[in-house]
Amino acid sequence: MLETLLQQVRETHLEQFGVVPQWLASAPGRVNLIGDHTDYTGGFALPFAINRYTVVSASPIASGAGEVRIFSTLSNTAVNITLGAPDASAGEPQWHDYIRGVLTLMAAEGFAVPGLSICVHGDLPVGSGLSSSASLELAIATLVEGIADRKLGSQEKILLCQRAEHEYAQVPCGILDQFSICEAQKDQGLLLDCRSQSAEKVTLTADKIAFVVIDSQVSHQHSGGGYAARRAQCEAAQDELGCSLRDATAASVATLSEPLLRQRAGHVVSENARVGDFAQALAQEDFLRAGELMFASHASLRDDFEVSCPDVDSLVEICRNTKGVIGARMTGGGFGGSVIVMAPPSELAAVAKTIAEQYRASTGHDTQPLVVDVVSGCALHD
Ligand code: GLA
């Protein structure tokens, strides 16, 4: 529960830094119901925020502005950072680079960032494809808004956090994660148009459908290169077509010269269409159709976009063969991570248990299903 996490971060802050924190902020994680690898070519997605959070606390310290001490319960480590440009010689980005990025970019926007002690805590699994990095970025941005007693516009906030991820974590992500966390609404999915950077609310009929997230236990890492390579392939397809993949069609994609680009662009074009069909199926309460679209999305990400992996594929197959499951697919960037499963609320617990047991039996991975509620976005707390 969020209240419990806030109490825990207050206590840890006091233990680590000897003072009660003055500011507290939280941001949820997200799952994407459908529409993956469509955001960075201006397409569509349908995410919602989940009741698993990053919580952060801060208190001022006497040292100079921009000197920040951080303790994270997530890695059980402490680190001191100084605000400044990304350090290209520092090797693989670390969790605190997201914090350094957001603090530095906000300071550049005129937000006062004094010397600070910051504590990071939460119950959002890291590396499971549930946007723990965007959640940390948004929690820190919200914290700085509290410290400076001034707010960014929500679009500015989304883009600033995305920029922190590009420049400080070297992940050329789209806006799906930052947008869905910043604009999240309780009990609503967001039909996100990544070109206009706007969203329509989609009612997720809580009495008819419910969601469980199953972590494959294969940890993903987007700075590894697969994500950037997919983005570059989509951009190469756009260059050759002379238009955004958002405006491409199956027929235009068939004219691309390289088979690999036809495959990648083919996924994007079909996935954009599936997002619209999925939103319509939900509106008509045609859940069987919505479920079929989720499975079709997974197959496209597996076969055409090639961002799934054998364990995630076997998890989705187990879901397909489990009585009560309406639909299931990998969610997020892929290369491991989680599967989102849709089922009727009355069957969700039994479905989750069966899937986890069968997954354990077939792969040896021990996974704890997360039944997720649809929650609102980042917040400051007293
Ligand atoms: C990651 C990125 C997002 C998006 C998804 C795939 O989560 O951060 O921008 O591209 O992968 O849909």
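**View 1. Two domains share the shell around the ligand.** Domain 1 (2-203 + 376-381) and domain 2 (210-374) each give at least three residues to this shell. The domain bounds come from an automatic or database domain assignment. The model is predicted: local features need pLDDT of at least 70, side-chain atom pairs count only at pLDDT 80 or more, and totals for chains, interfaces and linings use all residues. Residues are numbered from 1 along each chain as its sequence is written, and side-chain values use heavy atoms, without hydrogens and water.

**View 2. Residues surround the ligand.** They are R30, D36, H37, D39, Y40, C173, G174, L176, D177, Y227, G332 and G333. Each has a heavy atom within 4 Å of the ligand. By class, the shell has four nonpolar, four polar and four charged residues. Here Tyr and Cys count as nonpolar, Asp and Arg as charged, and Gly as polar.

**View 3. Oxygen atoms of the ligand pair with R30, G174 and Y227.** A polar contact is a pair of N or O atoms within 3.5 Å. A polar side-chain atom of R30 sits 3.1 Å from a ligand oxygen. For G174, a backbone N or O atom is 2.9 Å from a ligand oxygen. In Y227, a side-chain N or O atom is 2.6 Å from a ligand oxygen. Alone, the ligand exposes 300 Å², and the protein buries 97% of that. These areas use the Shrake-Rupley method with a 1.4 Å probe.

**View 4. Domain 1 meets domain 2.** Their C-alpha centres lie 25 Å apart. The contact (heavy atoms within 4.5 Å) takes 43 residues from domain 1 and 47 residues from domain 2.

Key. Polar contact = N/O pair within 3.5 Å; in protein donor to acceptor, adjacent residues only side chain to side chain.
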